[in-house]
Amino acid sequence: MGICEGRVAIVTGAGNGLGKAYALGLAAEGCKLVINDLGVGTHGEAGLTKGAAEQVVDEIRAMGGEAVANSDDVADWDAGKRMVDAALDNFGRLDAVVNNAGFVRDRMFFTCSPEEWDAVIRVHLRGHFCTTRHATEYWRAQAKAGHPVDARIVNTTSGAGLQGSVGQSAYSAAKGGIAALTLVQAAELARLGVTANALAPNARTRMTDTGAFDMAVEDGGFDVFAPENMAPLVAYLVSEQSQGVTGQVFELKGGTIFLSQGWTDSPAHDKGARFDARELDIIVRKLVATREPAKPVYGAA
């Protein structure tokens with residue numbers, strides 16, 4: 001038996017890349033799935049991968065698993081409820097939401113349009129909200145009715161959100177917001193029996209296939225950037241085995257896994273009284289010089 005046997009999960013953006021790898025990995029571990037994919041391109045262009053969700057469902061059924069397709073927009077409020085209802089109507093329960101859907105509109109900050117900014121923030125941040133909000137309403141009702149809840153939220157952040165990425169201001173802002181959202185979800189939902197964690201994957205996807213990232217495979221070597229490398233951690237986080245693991249931001253690259261430490265405080269300078277603006281320069285520069293070095297912004301010189 002797989003570690004997700006009997007579990008039911010929604011995976012958004014599961015028609016290609018990471019989402020597809022997650023879905024197939026979960027199915028191999030016995031999870032029943034709602035496969036969501038809107039069928040858009042890397043930049044959100046409509047209709048470029050129409051039918052992708054259905055194709056993944058066919059693959060899962062061919063391997064003996066159970067899945068249904070959904071082609072809704074993850075950032076649509078009513079669509080989020082339809083995904084939850086699809087799980088309940090087809091499988092009688094819902095145990096996890098894996099938020100993966102998204103796209104990029106790469107621009108330097110000084111050329112980013114309001115429309116591009118809004119589109120990226122919408123699909124990532126609002127997209128992480130809609131389906132999960134309806135799922136938590138269901139889990140809260142189950143808990144209030146006296147039914148045990150052991151549910152999971154798995155969010156997708158990014159190194160861009162944790163340390164920034166040149167040319168990706170909107171994407172970085174959205175992914176940073178998702179990391180913070182995960183911490184709040186973990187704190188608020190623990191009493192209901194729901195855990196929330198985030199994953200910053202290092203993997204080859206349509207969004208990284210731009211020439212800006214060196215993700216070549218060495219001849220005969222381990223494919224460090226294969227999307228499938230991320231799937232076992234997602235399966236673990238969806239499974240009952242991960243009970244009590246919550247509020248964590250995981251980074252995973254090939255066979256290397258670690259936790260992001262997040263924002264931490266440096267040693268303080270305490271004057272014991274109000275500062276004078278004219279004395280702050282030497283204090284600030286000393287704090288900057290003695291702090292632990294930050295990870296560099298991706299693409300920074």
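## A walk from β7 outwards

Start by selecting Pro201 and Leu252: Leu252, in β7, is the bridge partner of Pro201. Before you go on, know that this is a predicted model, where local features need pLDDT of at least 70, side-chain atom pairs count only at pLDDT 80 or more, and totals for chains, interfaces and linings use all residues. Residues are numbered from 1 along each chain as its sequence is written, and side-chain values use heavy atoms, with hydrogens and water left out.

Helices (H or I, at least four residues) and strands (E, at least two) are DSSP runs, numbered from the N terminus. Two strands pair if DSSP finds at least two bridges between them.

**Stop one: β7 and its partners.** Select residues 249–253, which make up strand β7. Four of these five residues are buried, so the strand is largely enclosed by the rest of the structure; buried means under 20% relative accessible area, with a 1.4 Å probe and protein chains only. On one hand you have β6 (residues 194–202), running parallel to β7 and joined to it by five bridges. Now add β8 (residues 256–259), which runs antiparallel to β7 with four bridges between them. Click on Phe250 and you'll find its bridge partner, Leu259, in β8. β7 and β8 form a hairpin with two residues between them, and Gly254 in the turn has a positive phi of about 60°.

**Stop two: the whole sheet.** Zoom out and show eight strands in an open sheet, in the order β3-β2-β1-β4-β5-β6-β7-β8, with mixed pairing. β3 (67–70) and β8 stand at the edges with a single partner strand each, so one side of each has no neighbour in the sheet.

**Stop three: the β3 edge.** Pick β2 (residues 32–36), which pairs with β3 in the parallel sense over four bridges. Val34 stands opposite Val68 in β3. Next, show helix α2 (residues 52–62), which packs on the sheet and touches β2 and β3; contact means heavy atoms within 4.5 Å.

**Stop four: two helices.** Select α3 (residues 77–91) and α4 (residues 114–144), which pack at about 45° with their axes 8 Å apart. Axes are lines fitted to C-alpha atoms, for helices over the stretch in contact, and angles run from 0 to 180 degrees between N-to-C directions. Show side chains where they meet: among them are Trp77, Met83 and Leu88 in α3, and Phe129, His134 and Tyr138 in α4. Finally, turn α3 towards the sheet: it lies across β1 (8–11), β2 and β3, running at about 150° to β2.

Technical notes
Buried means under 20% relative accessible area, exposed over 50%, partly exposed in between (1.4 Å probe, protein chains only).
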